[in-house]
Amino acid sequence: MGNFFTTMQIYDNGKMSKEQFVDNFCKRLATEGYVKCGCDESELSYILKFADNSQWVTITSEDYKDDMELPRKDVVRISKMLGMACVQTTVIDSDCAIMELYNEKGEQADMFVIGRADDYFGDNIPQPKESIWKPFLTESTSWDDFNNLKNGDYVFVEDGLSELAPVIGMDSRNIVLEAEEAVEDAQTVFLYFRKAAAKKEKKLTLNAAFKQVFGEALEPLGFVKIKSKHPYYVRVVNGEILNIITFNKDYKTEFSVFGGIATLYRKEFNFDQNVLNNIKVMNDTAQFYYYGGFAELTQSFFERSYSFSPDDSSSVKQAFLEALSQTKQYIIPVMDNIASLRDCVEHFMIYQSPIMNIIPEEDDLFGDNESLLYFKIDDHSDMTYEFSQYLTCHKQFTDYNTLFKHSEEYRKELIQKRDAIYNNNEHYQRIISEISSRKKANIEKLQQYGLNI
């Protein structure tokens, strides 16, 4: 399955600086009754991405994934509000992308499709008009360049967009910006707004509810809300183990709570990125319920998401109260039982066995592999205990014989990889050095997030 996302490119005909553009954007929204605010109380949120040597400013929003009509409303609203031309790019399953140009009056001036358009439009594929798009071509490109790239054959349409963007002066990376991947930096600005008159009766947002409900319960247990715009509560155990609790909005009316264990011996921590990028090595409440041995019946069903009414603050709070109750019942007890690195190895084998695979550092693309723990704890075991625990927890979900066969293959492979390092003194010494340097670097990074470690 490919990607679905929408971005908007604003043509800054005044060639403003980043600061001038942001200031102008905020002032124009103020004329519509919106004031800047924190993310916890926002009604509108935008991500503005700038690029050197480009007059196009990229805008997207975390809200677009929940409301498919919102981008269309926004492009009309923003082009009129700023008096600037805007191009809205909608990617459909990484197969094709629709590029719609709106003039400074908020009227659609033209549109065309790039990628496998016939799968969606049949024979009625809209074509761009040269008179409309030619003014945006750069000095070094031509209309033929534009058409050749537009008609190119791309496995993923994002590749085609990245090649087409510079032809009309856009940035190759910004045109495929997804809100979930955006990180605040020198070129990226996150803006939040609320109605000026709405301060007295502001809606309870998910972030605010999480902080209110979970913060009150988790802080006495030693958890700290780290310095990030994303909702992470973290507890440090014995100076080298982290307990992490967060949530993710699944749909417009549902969210899930996640918990995870990490050690200072993984390659890196990044709490500046969207929760979705971190929860791949975390587990939701349902997984803690099943793997933690709380399920009374093998066929019992545990709902992994919590439902709420977006416009009802009491509903939002009640959903988080329910989530907190189950977090305290199923996640916290598991975390409380993990006091040593040996405990971490056993936990990872049950909950996140792939991150215990011994791989070259360059293959650790996400920085979350924990296999250096084998050497930190000087493990020379046959790993049968860890794998027996894994089998006990997972046998209810798959055929036991198949599970046993695969787990035995994995166990023997791990032992072989581990012992090969022990038997190569040079390699082993590099691992020991890496363990030390990772701990030092991670401590410095986590202190920047506000953790006392």
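Val 236 lies in strand β10, which spans residues 232-237. The model described here is predicted. Val 236 has a relative accessibility of 24%. Buried residues fall under 20% and exposed ones over 50%, so Val 236 counts as partly exposed. Beyond its neighbours within four places in sequence, Val 236 is in contact with five named residues: Ile 241, Leu 242, Leu 451, Asn 452 and Ile 453. Gly 160 is another matter. The C-alpha atoms of Val 236 and Gly 160 are 45 Å apart in space, with their positions 76 residues apart in sequence.

The loop between β9 (224-225) and β10 holds Ser 228. This serine is buried, because its relative accessible area is 17% and the cut-off for burial is 20%. Two polar contacts involve the side chain of Ser 228. The side chain reaches the backbone nitrogen of His 230 at 3.0 Å. A polar atom of the side chain also lies 2.6 Å from the backbone oxygen of Phe 271. Leaving out residues up to four places away in sequence, Ser 228 touches Phe 271 and Asp 272.

A second serine, Ser 256, sits in strand β12 (residues 254-263). Ser 256 has a relative accessible area of 4%, and is therefore buried. The side chain of Ser 256 makes a polar contact with the side chain of Asp 250, at 2.5 Å. Apart from residues up to four places away in sequence, Ser 256 touches Thr 246, Phe 247, Asn 248, Asp 250, Arg 304, Ser 305 and Tyr 306. Asp 250 thus appears both as a polar partner of Ser 256 and among the residues that Ser 256 touches.

Phe 247 and Tyr 306 also belong to a cluster of rings. Ring pairs link these two with Phe 210, Phe 214, Tyr 233, Phe 255, Phe 308 and Phe 320. Across the structure, the count comes to 33 aromatic pairs. Phe 25 and Tyr 46 form one such pair, with an edge-to-face arrangement. The ring centres of Phe 25 and Tyr 46 are 5.6 Å apart, and their planes meet at 85 degrees. This pair links distant parts of the chain. Phe 25 is in helix α1 (residues 18-31), Tyr 46 is in strand β3 (residues 44-49), and the two are 21 residues apart. Both Phe 25 and Tyr 46 are buried. Phe 269 and Phe 271 form a stacked pair. Their centres are 6.1 Å apart, with 25 degrees between the planes. Phe 269 counts as buried because its relative accessibility is 4%. Phe 271 is buried too, with a relative accessible area of 3%. Phe 271 is also the residue whose backbone oxygen lies 2.6 Å from the side chain of Ser 228.

Asp 185 is found in the loop between α6 (157-164) and β8 (188-195). At 40% relative accessibility, Asp 185 is partly exposed. The side chain of Asp 185 has polar contacts with a backbone atom and with a side chain. The backbone nitrogen of Gln 187 is reached at 2.9 Å. The side chain of Thr 188 is contacted at 2.8 Å. Asp 185 and Ser 54 are 131 residues apart along the chain, and 17 Å separates their C-alpha atoms.

Helix α12 (residues 384-394) has several buried residues. They are Glu 386, Phe 387, Tyr 390, Leu 391, Cys 393 and His 394. An α-helix has 3.6 residues a turn, so residues three or four places apart point the same way. The cover over the buried residues of α12 includes α8 (285-291), α10 (341-351) and α13 (400-422).

The chain as a whole contains 14 helices and 14 strands. Its C-alpha atoms fill a box of roughly 70 × 55 × 45 Å along the principal axes. Of the 453 residues in the chain, 51% are buried. Contacts between residues at least 6 apart in sequence were also examined, and 66% of them join residues at least 24 apart. The accessible surface of the chain comes to about 21,700 Å², and carbon and sulfur atoms account for 47% of that surface. The chain carries 49 positive and 72 negative charges, and the mean positions of the two groups are 6 Å apart.

Conventions: Residues are numbered from 1 along each chain as its sequence is written. This is a predicted model: local features need pLDDT of at least 70, side-chain atom pairs count only at pLDDT 80 or more; totals for chains, interfaces and linings use all residues. Side-chain values use heavy atoms; hydrogens and water are left out. Helices (H or I, at least four residues) and strands (E, at least two) are DSSP runs, numbered from the N terminus. Buried means under 20% relative accessible area, exposed over 50%, partly exposed in between (1.4 Å probe, protein chains only). Contact means heavy atoms within 4.5 Å. Accessible areas come from the Shrake-Rupley method with a 1.4 Å probe; for residues, only the protein chains shown count as cover. Lys and Arg count as positive and Asp and Glu as negative; His and the chain ends are not counted. The place of a charge is taken as NZ of Lys, CZ of Arg, CG of Asp or CD of Glu. Rings of Phe, Tyr and Trp (its six-membered ring) pair if their centres lie within 6.5 Å; planes under 30 degrees apart count as stacked, over 60 as edge-to-face and the rest as tilted. A polar contact is a pair of N or O atoms within 3.5 Å; within protein, one must be able to donate a hydrogen and the other to accept it, and residues adjacent in sequence count only if both atoms are side-chain atoms.
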